[in-house]
Amino acid sequence: MLKSYKMVRCRNIFENLIYEMRDMWNTDSIDHEERQLIGSALRYLHFMVKGFYFCNNLLLVTFMYAPFWEMVKRYAGHENEKYLHFFYWLPFDPLQSGYYEVVLAVQTWQSLVTIWANMSGDLLFVIFLSHITLQFDLLSVRIKKLIYVPHDDQLLKTYPLGQDSATYLEKHRLAIETFTEKDWEDYYAKEIAEIVLRHRALIRLSGDVENMYKFALLVNFINSSIVLCFCGFCSIVVEKWNEFGYKSFLVTALSQMWIMCWYGQQLADSTERVSRAVYNSGWYKAPKKIKRSLLIMLFRSQKTLYVSTCGFSNITMASYSKVRIKSFKSFFWGRCLIDVDVPLSG
């Protein structure tokens, strides 16, 4: 409900995120490195979305099939008890004929809406971060190839900067042969202005995503931690017919936390790659005015961007492994020791 409320209440912000990121796509020709970056990012995104989608639908099937299977067995003449997905307090007996079918249908619909709405909100968050991360990486490629450095004894063709300079020479041979020092300064200043504007826009979009999701992420992560603890415990303790359902709940909660933390980590890494791209560029061959601009850009890009849960923790793989998994292990093994009644004294 929190995610759905944000989408309705802040619809203009979500629409701006979609339209502005769409307009950032380069309509001109792209080189081989940029094409590889785009292809790799979209393949990863497709794999993550499909995997998370099927994981959630597997949870629905494994959690909801049992009452329907028992209903089929009753119609086949077997004697068995009726039960529902959830235990509700109702002013009537929900297991009576007529009431039972209606309550079962309502609970099934509630499960479908809950899982699919939650999954849609999570996948929208992942898609936003994926495209912002990709734009940061494309910006890093553009910065790295900004300054042309001719090959000499210091810069060999086999070096990464040397390879980029060779590609630059092929695309802009006429400009390299005819531009004066003033022309190069004006050209670099225009390029840097566009890069700075794009960098600021991406930082702003990252902040919009965090503002739209930070409270929902906090609730989501607290809920997922509880689900991890109790489903891990119930997978061992509860009756056998429902064991796979709890395990699918456990796998879904783990995958939900992992995919968010993985893309949160990708966002942080992509912002750091921008600063490395500035340092690895041919800044030492740029005019003095351009060097000052690159230095300012270097300092600004060294501030890593994170998506946080209302300031409590950053969504990264470090927080996933240290906080979520350790708390799950501590609670899970503690509950298991209590359940088997391990003596504390020698």
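## Salt bridges

The chain holds 10 salt bridges. They come from a predicted model. Three of the pairs are described here one by one.

Arg204 pairs with Glu20, and their closest N and O atoms are 2.5 Å apart. Arg204 sits in helix H7 (residues 181-237) and Glu20 in helix H2 (residues 11-23), so this bridge ties together parts 184 residues apart in sequence. Arg204 is partly exposed, at a relative accessible area of 40%.

Asp137 forms a salt bridge with Arg273. Here the closest N and O atoms lie 2.9 Å apart. Asp137 belongs to helix H4 and Arg273 to helix H8 (residues 243-280), so the pair ties together parts that are 136 residues apart in sequence. Are the two partners buried or exposed? Asp137 counts as buried, because its relative accessibility is 11% and the cut-off for buried is under 20%. Arg273 has 26% relative accessibility and therefore counts as partly exposed.

## A network around Glu33

Glu33 and Lys145 meet through their side chains in a salt bridge of 3.4 Å, N to O. This pair also links distant parts of the chain. Glu33 is in helix H3, while Lys145 is in the loop between helix H4 (99-144) and helix H5 (160-171). The two residues are 112 residues apart.

Glu33 is partly exposed, with a relative accessible area of 26%. Lys145 has a relative accessible area of 16%, so Lys145 is buried. Which residues make up the network of salt bridges? Glu33, Lys144 and Lys145 are linked in it.

## Helix H2 against helix H4

Helix H2 carries Glu20 of the bridge to Arg204, and helix H4 carries Asp137 of the bridge to Arg273. H2 and H4 also pack on each other. Their axes are 11 Å apart, at an angle of about 35°. The crossing of H2 past H4 is left-handed.

Which side chains make the contact? From H2 come Phe14, Leu17, Ile18 and Met21. From H4 come Leu124, Phe128, His131 and Ile132.

## A nonpolar surface patch

Val61, Tyr65, Trp69 and Val72 form a nonpolar patch on the surface. Together they offer about 430 Å² of accessible area. Val61 is placed in helix H3 (residues 32-75). Helix H3 is also where Glu33 of the salt-bridge pair with Lys145 is found.

Why does Val61 count as exposed? Its relative accessible area is 52%, and exposed means over 50%. Val61 therefore counts as exposed.

## The chain as a whole

What is the chain built from? There are 10 helices and zero strands. From the N terminus on, the elements run α-α-α-α-α-α-α-α-α-α.

The chain has 346 residues, and 42% of them count as buried. Asp137 is one of the buried residues, and so is Lys145. The accessible surface of the chain comes to about 20300 Å². Carbon and sulfur atoms account for 62% of that surface.

Contacts reach across the sequence. Among contacts with a separation of 6 or more, 75% join residues 24 or more positions apart. The salt bridge between Arg204 and Glu20 spans 184 residues in sequence, so it ties H7 to H2. The bridge from Asp137 to Arg273 ties H4 to H8.

How values were computed: Residues numbered from 1 in each chain as written. Predicted model: local features only at pLDDT ≥ 70, side-chain atom pairs only at ≥ 80, totals over all residues. Heavy atoms only, no water. Patch = residues over 30% accessible without salt bridge, like charges linked within 9 Å, V, L, I, M, F, W, Y side chains within 5 Å. Areas by Shrake-Rupley, 256 points an atom, 1.4 Å probe, with all protein chains shown as cover. Salt bridge = Lys/Arg side-chain N within 4 Å of Asp/Glu carboxyl O. Helix = DSSP H or I, 4+ residues; strand = E, 2+ residues; numbered from the N terminus. Buried < 20%, exposed > 50% of the residue type's maximum accessible area, 1.4 Å probe, protein only. Contact = heavy atoms within 4.5 Å. Axes fitted to C-alpha atoms, helices over the stretch in contact; angles between N-to-C directions. Left-handed = near helix turned anticlockwise from the far one by under 90°.
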